[in-house]
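Here are some short exercises to work through at your own pace. Try each task before you read its solution.

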Amino acid sequence: MSSDRRGPSAVRRQAAKEILTVESAQPRPGLLVVTAVGEIDAVSVRLLQRATWQDAAADTVVDLSHVTLLGAAGLRALAQAARRARIEGGRLWLVVPPHPVSVALSRFWPDKHVRGFATLAEALRAVTGEPG
(Lines give C-alpha, C1' and ligand atoms only; values in the text may rest on other atoms or scores of the structure.)
Protein backbone atom coordinates (compact mmCIF):
# COMPACT_ATOMS: atom_id res chain seq x y z
CA MET A 1 0.00 0.00 0.00
CA SER A 2 1.49 3.32 -1.06
CA SER A 3 0.70 6.63 0.51
CA ASP A 4 1.17 10.14 -0.76
CA ARG A 5 3.54 11.97 1.59
CA ARG A 6 2.23 15.35 0.50
CA GLY A 7 -0.50 16.94 2.57
CA PRO A 8 -3.98 17.76 1.26
CA SER A 9 -3.07 21.38 0.50
CA ALA A 10 -0.06 20.32 -1.59
CA VAL A 11 -2.26 17.92 -3.55
CA ARG A 12 -4.82 20.72 -4.17
CA ARG A 13 -2.08 23.12 -5.33
CA GLN A 14 -0.77 20.52 -7.75
CA ALA A 15 -4.27 19.83 -9.09
CA ALA A 16 -4.82 23.57 -9.58
CA LYS A 17 -1.57 23.93 -11.53
CA GLU A 18 -2.60 21.07 -13.79
CA ILE A 19 -5.80 22.81 -14.90
CA LEU A 20 -4.82 26.51 -14.79
CA THR A 21 -1.75 28.56 -15.59
CA VAL A 22 -1.68 32.20 -14.52
CA GLU A 23 1.06 34.63 -15.47
CA SER A 24 1.32 38.30 -14.61
CA ALA A 25 3.41 41.14 -15.99
CA GLN A 26 3.70 44.86 -15.36
CA PRO A 27 4.39 46.42 -18.78
CA ARG A 28 4.49 49.86 -17.15
CA PRO A 29 4.08 51.24 -13.62
CA GLY A 30 0.45 51.14 -12.52
CA LEU A 31 -0.58 48.49 -15.07
CA LEU A 32 -0.84 44.78 -14.30
CA VAL A 33 -1.66 42.26 -17.02
CA VAL A 34 -2.79 38.84 -15.80
CA THR A 35 -3.12 36.05 -18.36
CA ALA A 36 -5.01 32.89 -17.45
CA VAL A 37 -4.96 29.67 -19.47
CA GLY A 38 -7.20 26.72 -18.61
CA GLU A 39 -10.08 26.29 -16.16
CA ILE A 40 -10.96 28.69 -13.35
CA ASP A 41 -13.02 26.83 -10.79
CA ALA A 42 -13.05 26.16 -7.04
CA VAL A 43 -9.88 24.07 -7.33
CA SER A 44 -7.80 26.61 -9.28
CA VAL A 45 -9.25 30.00 -8.36
CA ARG A 46 -6.55 30.77 -5.79
CA LEU A 47 -3.99 31.06 -8.59
CA LEU A 48 -6.05 33.86 -10.15
CA GLN A 49 -6.68 35.49 -6.77
CA ARG A 50 -2.96 35.54 -5.96
CA ALA A 51 -2.08 37.12 -9.29
CA THR A 52 -4.66 39.88 -9.00
CA TRP A 53 -3.94 40.64 -5.33
CA GLN A 54 -0.19 40.24 -4.88
CA ASP A 55 0.82 42.55 -7.69
CA ALA A 56 -2.18 44.91 -7.51
CA ALA A 57 -1.87 47.97 -9.73
CA ALA A 58 -4.06 50.98 -10.51
CA ASP A 59 -5.24 49.29 -13.69
CA THR A 60 -5.47 45.52 -14.00
CA VAL A 61 -6.19 43.74 -17.28
CA VAL A 62 -7.21 40.11 -16.91
CA ASP A 63 -6.90 38.19 -20.18
CA LEU A 64 -9.44 35.36 -20.18
CA SER A 65 -9.14 34.61 -23.89
CA HIS A 66 -7.56 31.21 -23.20
CA VAL A 67 -9.85 30.23 -20.34
CA THR A 68 -12.01 27.23 -21.20
CA LEU A 69 -14.20 27.24 -18.08
CA LEU A 70 -15.16 30.03 -15.71
CA GLY A 71 -17.01 28.75 -12.69
CA ALA A 72 -18.77 30.60 -9.89
CA ALA A 73 -15.53 30.80 -7.89
CA GLY A 74 -13.85 32.53 -10.82
CA LEU A 75 -16.71 35.01 -11.17
CA ARG A 76 -16.44 35.82 -7.46
CA ALA A 77 -12.66 36.29 -7.71
CA LEU A 78 -13.08 38.70 -10.63
CA ALA A 79 -15.79 40.61 -8.76
CA GLN A 80 -13.47 40.92 -5.74
CA ALA A 81 -10.65 42.17 -7.97
CA ALA A 82 -12.98 44.75 -9.55
CA ARG A 83 -14.16 45.94 -6.13
CA ARG A 84 -10.61 46.24 -4.87
CA ALA A 85 -9.52 48.14 -7.98
CA ARG A 86 -12.38 50.65 -7.53
CA ILE A 87 -11.61 51.12 -3.83
CA GLU A 88 -7.99 51.86 -4.70
CA GLY A 89 -8.96 54.27 -7.49
CA GLY A 90 -8.22 51.91 -10.36
CA ARG A 91 -10.12 49.76 -12.80
CA LEU A 92 -10.38 46.15 -13.84
CA TRP A 93 -10.45 45.42 -17.56
CA LEU A 94 -11.31 42.00 -19.00
CA VAL A 95 -10.28 40.38 -22.27
CA VAL A 96 -13.07 38.01 -23.23
CA PRO A 97 -13.48 37.11 -26.89
CA PRO A 98 -16.71 35.42 -27.95
CA HIS A 99 -16.57 31.92 -26.45
CA PRO A 100 -18.21 30.10 -23.51
CA VAL A 101 -16.53 32.31 -20.92
CA SER A 102 -18.10 35.41 -22.48
CA VAL A 103 -21.51 33.76 -22.16
CA ALA A 104 -20.95 33.10 -18.44
CA LEU A 105 -19.86 36.69 -17.90
CA SER A 106 -22.77 38.17 -19.85
CA ARG A 107 -25.28 36.16 -17.80
CA PHE A 108 -23.77 36.37 -14.33
CA TRP A 109 -21.31 39.30 -14.21
CA PRO A 110 -22.46 41.64 -11.44
CA ASP A 111 -20.34 44.67 -12.30
CA LYS A 112 -21.36 46.97 -15.15
CA HIS A 113 -18.34 49.24 -14.45
CA VAL A 114 -15.87 46.67 -15.81
CA ARG A 115 -15.21 46.92 -19.53
CA GLY A 116 -14.68 43.87 -21.66
CA PHE A 117 -12.61 43.64 -24.83
CA ALA A 118 -12.24 41.01 -27.56
CA THR A 119 -8.42 41.19 -27.63
CA LEU A 120 -5.58 42.07 -25.29
CA ALA A 121 -4.36 44.72 -27.75
CA GLU A 122 -7.77 46.49 -27.60
CA ALA A 123 -7.76 46.42 -23.81
CA LEU A 124 -4.22 47.82 -23.60
CA ARG A 125 -5.06 50.62 -26.05
CA ALA A 126 -8.08 51.56 -23.92
CA VAL A 127 -6.14 51.44 -20.65
CA THR A 128 -3.27 53.54 -21.97
CA GLY A 129 -5.49 55.92 -23.94
CA GLU A 130 -3.67 55.25 -27.18
CA PRO A 131 -5.64 55.62 -30.43
CA GLY A 132 -6.40 52.38 -32.02
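**Exercise 1: the fold**

The protein chain has five helices and five strands; helices (H or I, at least four residues) and strands (E, at least two) are DSSP runs, numbered from the N terminus. This is a predicted model, where local features need pLDDT of at least 70, side-chain atom pairs count only at pLDDT 80 or more, and totals for chains, interfaces and linings use all residues. Residues are numbered from 1 along each chain as its sequence is written, and side-chain values use heavy atoms, with hydrogens and water left out.

Task: write down the order of the elements from the N terminus on.

Solution: reading along the protein chain from the N terminus gives α-β-β-α-β-α-β-α-β-α.

**Exercise 2: burial**

Task: find what share of the protein chain counts as buried.

Solution: start from the 132 residues of the protein chain; 40% of them count as buried, that is, under 20% relative accessible area with a 1.4 Å probe, protein chains only.

**Exercise 3: a charge and a ring**

Task: find which residue lies over the face of Trp93.

Solution: locate the ring of Trp93, then look over its face, where Arg91 lies at 4.5 Å from the ring centre. The rule asks for NZ of Lys or CZ of Arg within 6 Å of the ring centre and within 35 degrees of the ring normal.

**Exercise 4: long-range contacts**

Task: consider contacts between residues at least 6 apart in sequence, and find what share joins residues at least 24 apart.

Solution: count a contact where heavy atoms lie within 4.5 Å. Among these contacts in the protein chain, 64% join residues at least 24 apart.

Conventions: Buried < 20%, exposed > 50% of the residue type's maximum accessible area, 1.4 Å probe, protein only.
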